[in-house]
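Visitor: I would like a close look at a single part of this model, taken slowly and with the terms spelled out.

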Amino acid sequence: MNTALFISLAVVLAMTPFILKFVKHRSLYPFMPYEYNFRRRRVTFAKVLKLLKERNVKIIVETGTSRKGLEGAKSDGAATIVFGKWAKENGAVMHSVDISEDSVNGSKNEVQKQGLQDVVTVHLDDSLNYLKNFEGQIDFLYLDSYDYSKTDLDIQRKSQEHHLQEFKIIEDRLHTNTIVLIDDCGLPGGGKGKTVIAYMRKKGWEIIINKYQVLLLHKDSL
Ligand SMILES: C[S@@+](CC[C@H](N)C(=O)[O-])C[C@H]1O[C@@H](n2cnc3c(N)ncnc32)[C@H](O)[C@@H]1O
């Protein structure tokens, strides 16, 4: 092997980890800074960002808040900040509810840091109780509360039941143009969405994207 070829091969090999990292990086740039990698949620977040505009969304509700702020883009999703930013730029408001004081504090810090406090309200409450008392209609509902487990069947069942209950409590506040996104679905046992999605499909909701997250729209809006 001649020297030039050897050096070229060595350079390519040395670069491979960086190339792979670049290829796997799923940013929402230019909407969010390039450095944040939304990984398996990028495809659904990008579609929702389009739909929010098309459907002139004004009220966003999220269960389970961005406890890790933007640093959690890769692991948790950082939805409070992503959709809160969209709300700020588009005259909408967002409510995010969480049962944990630590999660609420983490989320509130990032909301403040990003200057979203005028449009994003983070509530400390059980999502079921919060939704029961919610007044008005919801244009975009994001279900991402009760943490799921890849291995513990009891937690899986409880998480699935909790997300079903959230939807049942709030479904009267949704309209045919409402966007519904459910997180952590592409997991062993069907993820957070398994039971609620089965229920929703019987009620006329259609799956638009079925990946790590599941995005649903009502058939009457399609
Ligand atoms: C995966 S995190 C949410 C991540 C967030 N949606 C994001 O995009 O960054 C799940 C959160 O749900 C909260 N949670 C668990 N059970 C809940 C309940 N019954 N009501 C409200 N929040 C709950 C947890 O405290 C945790 O902060």
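Visitor: Which residues have the most contacts inside the largest nonpolar core, and how many residues does this core have?

Guide: This is a predicted model, in which local features need pLDDT of at least 70 and side-chain atom pairs count only at pLDDT 80 or more, while totals for chains, interfaces and linings use all residues. Residues are numbered from 1 along each chain as its sequence is written. The largest nonpolar core (a set of buried Ala, Val, Leu, Ile, Met, Phe, Trp, Tyr and Cys residues joined through C-beta atoms within 7 Å) has 50 residues, and Ile60, Val82, Ala87, Phe140, Leu141 and Ile182 have the most contacts inside it. Here a residue is buried if 20 or more other C-beta atoms lie within 10 Å of its own, exposed if 12 or fewer, and partly exposed in between, with C-beta atoms placed from the backbone. Helix α3 (residues 79-89) gives this core its largest share, six residues; helices (H or I, at least four residues) and strands (E, at least two) are DSSP runs numbered from the N terminus. Leaving aside neighbours within four places in sequence, Ala87 is in contact (C-beta atoms, placed from the backbone, within 7 Å) with Ile60, Ala92, Val93, Met94, Val119 and Val120.

Ile182, another of the residues with the most contacts in the core, stands opposite Val214 in β7. Strands β5 (residues 174-182) and β7 pair in the antiparallel sense over four bridges, where pairing requires that DSSP finds at least two bridges between the strands. Val214 is also the bridge partner of Asn210, and β6 (residues 205-210) pairs with β7 in the antiparallel sense over five bridges. Four of the five residues of β7 (residues 214-218) are buried.

Key:
Contact = placed C-beta atoms within 7 Å.
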